[in-house]
Structure formats: structure tokens, C-alpha cells
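Here's a quick walk through one chain, going from the overall picture down to helix pairs and a few single residues. Have the viewer open as you read.

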Amino acid sequence: MENVQYAEELVREFLVFRGFTNTLQAYEAELSTEIGRNFEVDKILDLVFSVYIPKYQLDRLLSIFSFLKQCFTSPADTVLYTALLKLEQSVLRYYVVNALKSGRQEKVVEFFSASGSYLMQKREDWIAWFAIPYIKNPSLDPQFRMYFSKEWSDTLVLSFRNFLSGIFNGTRIPALLKISTEKNMIKCLKSDIKQLNNKLSELQALLEVKEVELSLLRRSGNSIDSGHKNLLKITTAGSSADGQASSGVYEESSTSSIQGVDSHTLSSVKSRDEKLCDSSWMSNAENEQILVTEEDFPEVKVDFQETFLGHNSSISSCRFSASGSNIASSSTDGTVRIWTYDSSTPSSKNATIYCGAEVRALSWECRSDRLLLIGTANGGIKAWNADAKRVVCDLSTSKDFPSVLDLKCSPVDPVFVSAAASRWHGSTIFDRTGFASLTVWHMKTWKPLSSLLARIHLLLLHFASITMGRSWQPLQQMA
């Protein structure tokens, strides 16, 4: 009932808007005399069989069937559409029979003149009917006798009634009646969305409270861990001198294994080893005290996350380019891939580079995204031109240092530094680390400018703090 009332208001609003005053008056009059608000099939039958056919209103009769055909446009309505076509054919034949019974042969001729092209689409059903206006007594003709009987006309009216009742009282609902249902559905959806937003706000507030509690727990845990570390430093400080002494013994026993390194150079490396180990212990102790007093970092919120696939083995390193537009990642299977994580950035530099050995180091040129340096475990250093997508230079470290540890490009000058390690065997970690070589290369001539020999554990302490453009000169002085 609510849907019908809402639809009536929509019709009334439309008639007022268009200025159809006569139609509005007739509409109001019919509404005032209406008893029920359901589909009135008898009124449709009266309109067809008591108005359109007796008054020979052929255009309106055809229009009502055109309207009904529009209701069956989906493939699922094939059966109903076929039944409607048969009813239309019977109603049009009844129109012809009624005109002949009334002695209006001219209306029959007018019917075939106006609808001849449409009827000829079903030639086998209507070809004989084109001669009926010229038959003297068609009601006695065996081919047309059935259509003049009262039983046939009563059966037609009953079939038409059942068809209309079935489609409008059961399977078909006018579009105007659906508007109210959809309106109520939208109203319910908006209410559900509002409730969900309120629930989301509550959960977000609860999450913030839990994050604060978690931060407090982490802070207290860090304080306890730092206290334990400081206590461990104090109890183990006395054993550092013994470790340094054992390190010195190794230096003396390993001088015969390195070609081109004299006793003076090794003794100077030994003295620097002892001094830098002491200074590094003091620096670590100071850092532990700083960790006790500094506040926790705020929680990191991820605004963008995307997963890149393509490597077949473990990823060993990854680096952003200077502009931050490209990412280079390396794998232990000897491949390097260049990615573009932002869809708005051109992907022209994306590539897969096959290096033939495990990749240990990556470094982008600091002044542009053009060059990518790649260091491998077999001592190779490749310079990849991202614009041309090819290797522009393939360097190699010396045979005494066949494994590249790290690469760094200068942010100022066209140079880069490489750290390459020798391969040693031993029982302790210091015995296995061996020696390493720092080499500064020029990125235009691709030739080495200077090199430095050092123990690897000393090299790792200082390599991260080197500032290119001026760092390799003090390292030369250390050598």
C-alpha cells in the first residue's frame, strides 16, 4: 500500500509539472472512485474489447501490445513473449471479425492497408486473411467459420485475462512501485553505514589506547635490556686484552700468505687494530648509555605497500635510486632487478640483469638515476646504464681479493669506492675474516685511483662512516 501511494504522488507531481490539467482531473476522478489498489485486469479488458475494437481505434490497440512487448525483453521471458504474440494475432483477427459482423468492410480494408507490411512478416498466418473482405459470406467459409463463433471469442477474452493477471499480479511489478522499495533500501543502507562508521571510530579509539600501552611496555623492556647489557659490558671488559693479544699472534703468522705486503705494513695494521678496537669498545659503551636515555621513536604508519615478485632466491640487498623513483634489488641467484614502485612513474628503466654470480653489493650513482654499480662474489664490478639498459663497464678486483663486500658512490665527485675481501680459513672469527682492499675508482676512465689494505673487522668499523670526496686520503695516511 505504501508503494502504491508513493507512486500515485509521483504521477500527480509529474502531471502538475507538465501542465496536463485535463489528465490530472481525470486521474483525480478515477482515484476517488477506486475501491482497491491492486491491478484491475477487468478495466484493461474493457478498454480493449469495449472501446478500442468496437470503436475501431487500431492505433491505440497496437500501442497497448507494443507496450506489453517492452515488458519482455530479457531472454528469460521467451515463453511469455511467444504467448503474447499469439494473443496479439488472435485479438487482431477478432478486430477483423467484429468489423465484418458490423458490416464495416471498409474498416477491414483500412486495417490491411495500415498493417499490411507488419502482417506480412508472418505471411503463413495472414496470407489467407487478405481475401476475407472480398468473400461474400465469410462466416460460412470453412476456413473462417471458427472465428465467428461465440465460443472462440469467449475463449480469447479468458486467455487474455489469465495472461494479464499472471504477469502483473505475479511476476511483473511496475517501475514506479519499485522506486519506493529502492528508496527504503537506500535508507536502510545509509543507516547501516552510519552504524559501521560509529563502530569503526570506537575500534580506532581502542586501537590508539592499545598502542600507547604497547609503547609503554616496550619502553620499560628497553630499559631492562639496556641495564643487562651494561652489566655484561662491565663483567667482560677484563677479557678484551686477551682477545687483542690473540689477534696480534694471528697477524704475525699470516704475513707469509699475502703477496706484496711487507712486515712494516703489517705491524702498522696491528697497532691500528689494537687502538681502534679499544676506541670502538668505548664508542659502543657510550651508545648503550644513549639508548637508555633516548625516548622511543613514534610508531610508523604505512601509507603505501606493494609487493614485487620476480626473484627466485633470497634477496641480498636493495637500494633506492637518487631520485627515489626506482628500486634496485639483488638476489643470491645472481640476478638484479630494477623496479618502479609508483604507477605514475615511467617504467622505461625496469630491467633484469644476469650477473653470473651471487650479488653482494649495489650502489646507485648519487647525482642521477643513470648508473647502477653491481658487486659480485667472484670479484666482478658491473656498471649498468639504466637508460641504455646495458653494461657499460665490467671491472674486476685483484686475484688476492676476489669477493666484493660493498660499493659506495661519491655524492660530490665522479668516483666510487669498492671493498673487496680475501679468502682465508681459520678457527676463530678473526682468522676467517682475513684482509680486505679499499679501492677508489674513477667513473669516467673506469681506472683505480688509490687503494688501501686493511683487516676486515677494522674496515667494517669505518666503512659506513666514510664521506666520499675526502675519506680515502686519511685512509692512505693510515696505510
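Among contacts in the chain between residues at least 6 apart in sequence, 51% link residues at least 24 apart. Keep in mind that this is a predicted model. The chain holds 14 helices and 12 strands, and buried residues account for 35% of its 479 residues.

**Helix H3 and its partner**

Start with H3, residues 41–52. Its 12 residues should span 16 Å at 1.5 Å a residue, and the end C-alpha atoms are indeed 16 Å apart, so the two agree. Which residues of H3 are buried? They are Val41, Leu45, Val48, Phe49 and Tyr52. These cover an arc of only 120 degrees around the axis, which puts them on the same side of H3. As a general point, an α-helix has 3.6 residues a turn, so residues three or four places apart point the same way.

Now bring in H4, residues 58–70. The axes of H3 and H4 come within 10 Å and cross at roughly 155 degrees. Angles over 145 degrees count as roughly antiparallel, and H3 and H4 are therefore roughly antiparallel to each other. The crossing of H3 past H4 is left-handed. On the H3 side, Ile44, Leu47, Val48 and Tyr52 do the touching, and they meet Arg60, Leu61 and Ile64 in H4. Val48 and Tyr52 are on the list of buried H3 residues and also take part in this contact.

**Helices H5 and H6**

H5 (residues 78–101) has 24 residues and runs 35 Å from its first C-alpha to its last, close to the 34 Å expected at 1.5 Å a residue. The axes of H5 and H6 (residues 105–119) come within 8 Å and cross at roughly 155 degrees. That makes H5 roughly antiparallel to H6. This crossing, too, is left-handed. H5 brings Glu88, Leu92, Tyr95, Val96, Ala99 and Leu100 to the contact, while H6 supplies Gln105, Lys107, Val108, Phe111, Phe112, Tyr118 and Leu119. After H5 comes Gly103, with a positive phi near 75 degrees.

Ala83 also sits in H5. Is Ala83 buried or partly exposed? With a relative accessible area of 30%, Ala83 is partly exposed. Its C-alpha is 9.9 Å from that of Phe160, although the two are 77 residues apart along the chain.

**A glycine in a strand**

Gly375 belongs to strand S6, residues 371–376. Its relative accessible area is 0%, so Gly375 is buried. Leaving out residues up to four places away in sequence, Gly375 touches Glu358, Val359, Arg360, Ala361, Gly380, Val404 and Leu407. From Gly375 to Leu395 the C-alpha separation is 9.4 Å, with their positions 20 residues apart in sequence.

**Two loop residues with positive phi**

Tyr56 lies in the loop between H3 and H4, and its phi is positive even though Tyr56 is a residue other than glycine. Trp446 is not a glycine either, and has a positive phi as well; its loop lies between strands S11 (435–442) and S12 (448–455). Here are the values for both.

| Residue | Phi | Relative accessible area |
|---|---|---|
| Tyr56 | near 55 degrees | 15% (buried) |
| Trp446 | about 55 degrees | 18% (buried) |

Buried means under 20% relative accessible area, so Trp446, at 18%, counts as buried.

Definitions and conventions: Residues numbered from 1 in each chain as written. Predicted model: local features only at pLDDT ≥ 70, side-chain atom pairs only at ≥ 80, totals over all residues. Heavy atoms only, no water. Helix = DSSP H or I, 4+ residues; strand = E, 2+ residues; numbered from the N terminus. Expected span 1.5 Å × (residues − 1). Buried < 20%, exposed > 50% of the residue type's maximum accessible area, 1.4 Å probe, protein only. Arc of directions from axis to C-beta. Axes fitted to C-alpha atoms, helices over the stretch in contact; angles between N-to-C directions. Parallel < 35°, antiparallel > 145°, perpendicular 65-115°, else oblique. Left-handed = near helix turned anticlockwise from the far one by under 90°. Contact = heavy atoms within 4.5 Å.
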